[in-house]
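The following exercises concern the interface between two protein chains. Please study the sequence and the structure before reading each solution.

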2 protein chains.
Amino acid sequence: MQDQNLKLNHSNITSNFWKRYRDLMANDSIPFQWDMINDNNEVEVTNDPFAAGGSADKSHAIANLKIAAGQVDGEFFGMDFQDTDVYKWLESAAYVLNYAPSAKLQKEADSVVDLIADAQEDDGYLSTMFQIEMPERKFKRLQQSHELYSMGHYIEAGVAYYSVTGNQKALDIAKKMADCIDNHFGTTEDKIPGIPGHPEIELALARLYEATHEQKYLDLAQYFIKQRGQDTEFFEKQNKADGIDRDFFPGLGTIGNRYYFADKPVTEQTDAHGHAVRVLYFCTGLAHVARLTNDKELKDAADRLWQDIIKKQLYITGNVGQTTHGEAFTYDYDLPNDTDYGETCASVAMVFFAKQMLETHMDGQYGDIIEKELFNGALSGIALDGKHYFYVNPLEADPKASRGNQGKNHINTRRSSWFACACCPSNITRLIASVDKYLYEVKDHTILSHQFIANNTSFENGIEIKLDSNYPWDGNIKYTISNPNKTQFKFGIRIPSWTLNSYEVTIAGKSVKTDLIDQILYLPIEDETVEISVQFNMAAHLISTSTLVKDNVGKVAVQRGPIVYCAEESDNASPLWLYKLDSKPAFKYEFQDNLLDGVGVLETNDVKKLEKNSSTDELYTFDKEKVVKKSHLKLIPYYAWANREEGQMTVWLHQS
Amino acid sequence: MQDQNLKLNHSNITSNFWKRYRDLMANDSIPFQWDMINDNNEVEVTNDPFAAGGSADKSHAIANLKIAAGQVDGEFFGMDFQDTDVYKWLESAAYVLNYAPSAKLQKEADSVVDLIADAQEDDGYLSTMFQIEMPERKFKRLQQSHELYSMGHYIEAGVAYYSVTGNQKALDIAKKMADCIDNHFGTTEDKIPGIPGHPEIELALARLYEATHEQKYLDLAQYFIKQRGQDTEFFEKQNKADGIDRDFFPGLGTIGNRYYFADKPVTEQTDAHGHAVRVLYFCTGLAHVARLTNDKELKDAADRLWQDIIKKQLYITGNVGQTTHGEAFTYDYDLPNDTDYGETCASVAMVFFAKQMLETHMDGQYGDIIEKELFNGALSGIALDGKHYFYVNPLEADPKASRGNQGKNHINTRRSSWFACACCPSNITRLIASVDKYLYEVKDHTILSHQFIANNTSFENGIEIKLDSNYPWDGNIKYTISNPNKTQFKFGIRIPSWTLNSYEVTIAGKSVKTDLIDQILYLPIEDETVEISVQFNMAAHLISTSTLVKDNVGKVAVQRGPIVYCAEESDNASPLWLYKLDSKPAFKYEFQDNLLDGVGVLETNDVKKLEKNSSTDELYTFDKEKVVKKSHLKLIPYYAWANREEGQMTVWLHQS
């Protein structure tokens, strides 16, 4: 086999579906968020789950940095992690600049880097709330302080911005922050044997290590991974020393270590529990550090947690985190649809975790989840206009319930412009803007194509792969591989689990019959030009759930290709719970150009509908069978719901 | 028609079912609660919904009164309505003394009356928290103070104790309290134009009026009914004047008038909303005052609210109040089974409301609800041992969910010994001890028998009615009416709606065919002795719910006679959601002496069960039909659930 360098150079997304979203990032979302963090927007903030905890009518995030930098006078405003809105904007901007160069945007981003450098203290510390309001409490209440979380987000942004623009200052700030943290944390006597209340620094340090190859950053990441859960009294001791009544968030002081996923060392953890985003950011860092250090115990822990989530706590859309109470996982097989949380950030984090798992193991299951999130659970977090966002992504919604039953009032039926805790908007934008990072995995003389988003991608050894598709609407994928140096390598194609192994692969017109290894079809490549066609069976499928899950008994969901569908009141007469799909319904698929910026729609006549009772009918009747009538049902992709008039929505439908 | 006096004299309950419960009151519940309020018990308090708001390891209720009376030194402890635990104990004791005379109990009760008299201020005021801790704030924060609520509960107790024992002091205290309130409240310039945050005083004053015939008490009751919702800024103004940050219950200051059912005058109210017990105590007073004053607007309001609750917000068990958030009603047709609240007090209050409605309108529907509560929703609030209580009564329970999902952790799967907010234990005991008050309604030369609990009842004109039955297990009811003066009157028999009009009535062996009027069969009586036999069809029925209710689509419940059944994990392999009843299942009924202190059990083989998946199975499968197998299901009465090992319970079952 030839010496080779399969390192990926650049991916250019050509997919209509994703180009629309990525143009939206460049032209709408990023400018809109820039105005938000600069307090130049007048937006109406509705249905904010954090309305009680703060106001979202202003961000003040840039202003906080200016005050910390001494550029202006003023008071800190916002969440203690308000800085991260700026950092995640910067990271998104970096990814946008990678595919949509803009002098204006780069100038704005450069100015942000300058401002951050200015606000950063000489020792590398940066957390504006502490600098402005309580410098004496730095690193003294880590359970709630979000200092390491905030700096972690900057490190991600700095690495991203440096790698796209070469802005050295952006990277230097990140290194200086990491050095500051390194100086303060560890198990030696002069350091704090601490961990962050909210993980993020672990994955950030692993990224920084990969950008700089400085071992100390990997060591520090490993420290935070391994230290978590070692001293279960750490937070309490710090809180006591800092003053027990001085919580930043009332109640978070006594909520217990489980909420922080800090109840035991990760090597002893068997299930995801507590605040979902904390768990998933931690798992991302865990999988990354486990791979980089080749630590079997950590790898096993990552595998275990992955399996728990995927097999026992994942909504069909990819959403995770079943409860609004603590934005948290609950317990295995608990998947209520009408009270779930499914935070957008948690779905984004699932992509991060899956990507790290995929880099460790070449296994199609991880690509399945990345795809599931990209086309469903994560994507539903942003409106088709790019300027409205969901924090919570339910599988079933009813405006009447959200208004009338307080146990459901975290479920918004309209996306909001902004939130007092504005973590989700910039998380979904940074994911969409970086979707090109989630197409290929390269390892061991293999290029794995695990997402079928149309693209042109070049590799450093001259290989070019052109992927043509009208995915996700069409299952025909065409690869044209140009391999000028006749490099020998294996080309892997993930076969999505939703195909139920119904697919056809041809190479140079000849059908390929090869057994899959972990859902991957491997093709040996050595020719100068190779054409591969893949056809996935795009039949609509009925999904049912393990009977260990209470809430989906007697119900089915519908999926076509990677897209999970839902029924909306805009298309179907409410209440939606009256529809009962037949056992084997035939669906008619049609792409509708003018609907919801272009979506594939499923319709069926193989459905019945229970007669709707009137308010003069009795609430309860005895020994009466319900009347059902033939009906018609129209389904749209889940990600596109709540872009028309407000109404009911459901993913799961009763079945006859 | 002869001159007559049909006034009821005394009812002696002979029913096995109710004698067991009433002996339990006399021998176990009342002594246990006496020890509780005197802090003589060592009980383990588990799963207390108010654990966060207070401690239930002691009551201190008697101690508070002693401190207020100046008998001992000490600090107030407990809820601001802690006094009511004593008053409701006294009221229960009065009813117990009516059927189980006891010198010991009467001595205890007399001593309580003496203590209360001692604690009462010269002007009649009594609320120990204010007297001990904040006399300057009396009547100054009515939204949360529970002063009128507490005194209302005493008035009820005082009237009851006087009527049973003739203890004049007990009544005098009540009158003095009412006078105190009369002196302070009203719309004239020198008075507070206020209303209580928690209704109760309205119904208490109406009772006091009926005991004393003093018009001022009825006028005052009417004032509180009519004043509610007139000045929607009243609470806020008082709170501001009292100091906005001095809430007794954090959050209750800003929760809004809807929660207090004080958002508009009752004549404009169309639906039950806000805190369920507040609404229902208010409605009880409303219906009572409306009848006593013959006020059509108030009567219409009571009818409207009754209809809303019965037709749109009532669980099949009689439980009401759908959410733990504010222990409140939610909105029409919202009846979730696994997050509901169904407070025991709310079910007890439904009996009070129904009784007032029945006194106003001779209509079987009100008797239906009294029966529903007595045998289901209210009764489930107490364990078979009389010393453990439910605060929350769900229609579906799963210990895993209660522990693992915070949105369900108000649902206890074991009854508790006591609660920090101990309203429910004494509410269910006062209902059970006074169940003899809920058998007959006398009006317009008519005696209506609306409950079929076996009893011997005497009337002041010499009529005696003996009702023999083994109700609720048996539908054969036998009346022997002894009418020595040959009084002419109508005897009404409620025909329960659950009979679906399948019943047989014979008088002196001859079948009676008479049209019902509002579910009541009327029989003219004039003979000296009359024997009436009634046979209700006791077939088990499948209940289904209006399709306007989301949560019961595809599900049925089972009722036999007045008893609503449930499946428990003790009898059926979990998960219970896997059972699917056939469309017309045949049930075998058997009374089991040794089960749950004797219960009628329903069993069927006309049921299938979904195959239980294992944890190695996929969470989601495509295009696979679920495997079902023939199975067997055993149901027990809902009221008796959670008296064996902890496990799942469900009232609603899937149907094929």
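**Exercise 1.** How many residue pairs are in polar contact across the interface of chain B and chain A?

*Solution.* The model is a predicted one. Counting pairs in which both residues have pLDDT 80 or more, the rule finds 30 residue pairs in polar contact. Turn next to the elements of chain B on this side: helix H13 (296-312), helix H16 (399-404), strand E15 (540-545) and strand E21 (620-622) each supply at least two residues. Among these elements, E15(B) gives the most, with five residues. Finally, sort the residues of the side of chain B that touches chain A: 24 are nonpolar, 22 polar and 20 charged.

**Exercise 2.** Determine the extent of the contact and the residues of chain B that supply the most area.

*Solution.* Begin with the residues: 66 come from chain B and 65 from chain A. The area buried between the two chains is about 5400 Å², and carbon and sulfur atoms give 55% of this area. Of the area that chain B buries against chain A, 15% is supplied by Leu619(B), Tyr620(B) and Phe622(B), more than by any other three residues.

**Exercise 3.** Which residue of E21(B) is the bridge partner of Thr545(A)?

*Solution.* First, identify the strands: E15 of chain A (residues 540-545) pairs with E21(B) in the antiparallel sense, over three bridges. Within E21(B), the partner of Thr545(A) is Tyr620(B).

**Exercise 4.** How many salt bridges are there between chain B and chain A?

*Solution.* The count is six. As an example, take the side chains of Glu618(B) and Lys311(A), which form a salt bridge with an N to O distance of 3.7 Å. This value satisfies the cut-off, within 4 Å.

Key: Residues numbered from 1 in each chain as written. Chains lettered and ligands numbered in written order. Predicted model: local features only at pLDDT ≥ 70, side-chain atom pairs only at ≥ 80, totals over all residues. Heavy atoms only, no water. Contact = heavy atoms within 4.5 Å. Buried area = accessible area lost by both parts, 1.4 Å probe. Polar contact = N/O pair within 3.5 Å; in protein donor to acceptor, adjacent residues only side chain to side chain. Helix = DSSP H or I, 4+ residues; strand = E, 2+ residues; numbered from the N terminus. Nonpolar A, V, L, I, M, F, W, Y, C, P; charged D, E, K, R; others polar. Pairing = 2+ DSSP bridges.
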